[in-house]
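Dear colleague,

I am passing on the structure below, and after it you will find my notes on what turned up when I went through it. Please read them alongside the coordinates.

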Amino acid sequence: MGLKNVVIDAWSWLNYKPIFSDPTLGMPHRRAFPEAHATWVPPESERRLASYKLLGAYDNNQAAELAELRDGPSARERREYGDPSMFIDTLVAHVMGREQHIVVPGAEQTDNGAETTAAAERVQDLLREWAEDELLPMRMLQCERKAVGLGDGVYLLAWDPDKQRPRLKTYDPGFYFPIIGEDGDGADFPERIHLAWELPEDKARGLKPRLRRITYEMDWIGPATASGVDREGGPCAPVMADATDDSPAVPLIGRGDQVDSSGGISRLYPWNDRPTYRTCYLTDATWDLGDLKAHHDVDSLPAEHARYATNGAGEVLHRLDLYIDFIPAVHAEHRAPAEEHWGQSSLAKALQVFDELASTDTDAARASATTGLPMVGISGANIDPKQAYNVGPGVVFKLGADGKLTTIDTSPALRELREHGHDLADRAANVARLPAVSLGTMDPSKVPSGYALELSLGPSTP
């Protein structure tokens, strides 16, 4: 008999759930979390993806449905009344506040000079107009709810050639796969990230099940490449200068780039004080799942089977130079220590209390059934063992001289269960170091000052 391996990581607080950490295998249940065991998912991401699905089940009152895959139909008797969801919604509301404003320094000050103030006001107006067009409050709400409930949220800021403005998108953290080296610090932003998810079969369009992967990667600036010349999947061809009698054809560099004495290509970005040799490349490709065999994870998919997308400007999205020196994604971690790359859900420390609360609600539902329709004992009557007797209004039982009816009062047990439920709700709030308002057991007007600041997210890496 082998010794059990105790795993302590960013998601080990879920190890108490048998469906998350199988007692025999020590890994997430395959039937419950098939997405985490896909052939293209890196092994180090299995527990993270499984935790997202399990937390999502709690948020949507489906924890019992998920547990049924391992524990059988009896798991469906669990009552779920939305306490985890209310917990998350309350935290998000206090983090976000009632409204958000974009304020540019100097735009609302009169002592900086008319020209400086006017320039700041112009920038502020443009940003507010952009925020309105991009539905910024809704995007923030989407990401913050993911961060509070799952521990992680992802923003992506990408230029849209059709709309001629940056577009702000939010992604499920289960689609986010950063590539962190062995010597990488969890607090540092990776130099290559993938956004990957599976697409279902579309028989009407003749499409097989597919995997889409969007990659942003920091790399050295290279020669200029032609846009839209290779739709079949190969790298875009470099742009070559015309050959002459005195010199052969050589690759051309991009506009504004410089070649130094060692042959390196540098570029001065408007927001930098000095040139840099790095740029961000974008790749957007799709694979048929049938072409992905074992030994291929999201970072090592076979290039020969990839089909590359094309943007609205006709540019093939295969190592497309974005002319920026940063990856335009923000990973928002919730309550993450500085040395950790992944955040932690607000449900983490209180999840076992929520399980106890659900068990108490289940017991209370059973007790209320016997309180509303109590159990009755009959003595001193001619009882026909083959006949069923029902207790209800207007029912008459003929009893003998010493006969009597005895009812069992279960209301005291129901009262105790309800009080125990309130105690558990307070316990969950205490464990999470939050006022009881987060579970509806406290007047919201009594929330202490500064509560929203205490709930703010940990530092996010730009």
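**Helix H5 and the cores**

The buried residues of helix H5 (under 20% relative accessible area, 1.4 Å probe, protein chains only) are covered by elements that include helices H1 (46–59), H3 (83–96) and H4 (114–133), together with strands E1 (152–160), E2 (165–171) and E11 (329–333), where contact means heavy atoms within 4.5 Å. This is a predicted model, in which local features need pLDDT of at least 70 and side-chain atom pairs count only at pLDDT 80 or more, while totals for chains, interfaces and linings use all residues. Residues are numbered from 1 along each chain as its sequence is written, and side-chain values use heavy atoms, with hydrogens and water left out.

Helices (H or I, at least four residues) and strands (E, at least two) are DSSP runs numbered from the N terminus; the protein chain has 8 helices and 13 strands. H5 itself runs over residues 136–150, and its buried residues are Leu136, Arg139, Cys143, Glu144, Ala147, Val148, Gly149 and Leu150. Just after H5, Gly151 adopts a positive phi of about 100°.

As for nonpolar cores (sets of buried Ala, Val, Leu, Ile, Met, Phe, Trp, Tyr and Cys residues joined through side-chain atoms within 4.5 Å), the largest holds 67 residues, of which Phe33, Trp40, Tyr216 and Ile327 touch the most other members. The largest share of this core, 7 residues, comes from H1. Apart from it lies another core of 7 residues, including Leu136 and Cys143 as well as Trp130 and Leu168.

Best regards

How values were computed
The expected span of a helix is 1.5 Å times one less than its number of residues. Buried means under 20% relative accessible area, exposed over 50%, partly exposed in between (1.4 Å probe, protein chains only).
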